[in-house]
Amino acid sequence: LRKRRFPTIMVSFIERLLENRRTKLKFDGYMSDWISVNNGIGQGDPISMFLYVVYSADLAEVPDPSNKKELALAFVDDTVLVAIGKTF
C-alpha cells in the first residue's frame with residue numbers, strides 16, 4: 001500500500017485490521033483453543049479482494065513494456081505471464 005502511495009490513514013487502518021488476529025478450529029465435534037494468526041484476513045471479508053489486487057499488482061509489471069514478446073494479463077485473482085521465444 002505504501003509503495004502504491006495509498007494515504008497513511010488507509011495504510012494504518014489496514015494494519016490495525018490485520019493485527020491481533022486469532023481463530024478456532026472446529027471439526028468432528030472438536031473445538032480447539034484460540035490460535036494466533038499472524039497473516040491473512042478474515043474469510044469472506046470484502047476488502048480481501050482489493051488487498052490481493054494491490055498485493056499482486058507487481059506481477060503485471062514484470063514484463064518490459066518495450067518488449068513485444070513479453071506480456072502479463074491479470075484479472076481478479078488470476079495472473080498469467082507470457083514470454084514468446086523462437087523455440088519451444
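# Exercises on a predicted model

In this predicted model, Met49, Tyr52, Val53, Tyr55, Phe75 and Val76 form a nonpolar patch on the surface, and together they have about 630 Å² of accessible area.

**Exercise 1. Determine which element gives the largest share of the nonpolar patch.**

Step 1. Begin with one member of the patch: Tyr55 is located in helix 2.
Step 2. Count the contribution of that helix: four residues of the patch come from helix 2, and this is the largest share.

**Exercise 2. Describe how strand 5 and strand 6 pair, and examine the turn between them.**

Step 1. Establish the sense of the pairing. Strand 5 covers residues 70-75 and strand 6 covers residues 78-83; they pair in the antiparallel sense over six bridges.
Step 2. Follow individual bridges. Leu71 has Val82 as its bridge partner in strand 6, and Phe75, a member of the patch, has Asp78 as its partner there.
Step 3. Inspect the connection. The two strands form a hairpin with two residues between them. Val76 lies in this turn and has a positive phi of about 50 degrees; Val76 also belongs to the nonpolar patch.

**Exercise 3. Characterise the largest pocket by its space and its lining.**

Step 1. State the volume: about 310 Å³ of space lies in the largest pocket.
Step 2. Identify the elements involved. Helix 1 (8-18) and helix 2 (47-56) are the elements that give two or more residues to the lining. Helix 2 gives the most, with five residues.
Step 3. Classify the lining residues: nine are nonpolar, one is polar and two are charged.
Step 4. Compare with the patch. Tyr52 and Tyr55 are among the residues that line the pocket, and both are also found in the nonpolar patch.

**Exercise 4. Explain what the salt bridge between Glu15 and Arg2 ties together.**

Step 1. Recall the principle: side chains of opposite charge can pair when their charged atoms come close.
Step 2. Apply the cut-off of 4 Å between nitrogen and carboxyl oxygen. The side chains of Glu15 and Arg2 meet at 2.6 Å, N to O.
Step 3. Place the partners. Glu15 lies in helix 1 and Arg2 in the segment before helix 1, so the pair ties together parts 13 residues apart in sequence.
Step 4. Set the pair in context: the count of salt bridges comes to four, and both Arg2 and Glu15 line the largest pocket.

Technical notes:
Residues are numbered from 1 along each chain as its sequence is written. This is a predicted model: local features need pLDDT of at least 70, side-chain atom pairs count only at pLDDT 80 or more; totals for chains, interfaces and linings use all residues. Side-chain values use heavy atoms; hydrogens and water are left out. On a 1 Å grid over the protein atoms alone, a cavity is a set of points where a 1.4 Å probe fits but cannot get out, and a pocket is an open set with protein on both sides within 12 Å along at least five of seven lines; lining residues have an atom within 4 Å of a point. Grid points are joined across faces, edges and corners, and a volume is the space filled by probe spheres set on the points. Ala, Val, Leu, Ile, Met, Phe, Trp, Tyr, Cys and Pro count as nonpolar, Asp, Glu, Lys and Arg as charged, and the others, Gly among them, as polar. Two strands pair if DSSP finds at least two bridges between them. Patches are made of residues with over 30% relative accessible area and no salt bridge: like charges are joined within 9 Å, nonpolar side chains (Val, Leu, Ile, Met, Phe, Trp, Tyr) within 5 Å. Accessible areas come from the Shrake-Rupley method with a 1.4 Å probe; for residues, only the protein chains shown count as cover.
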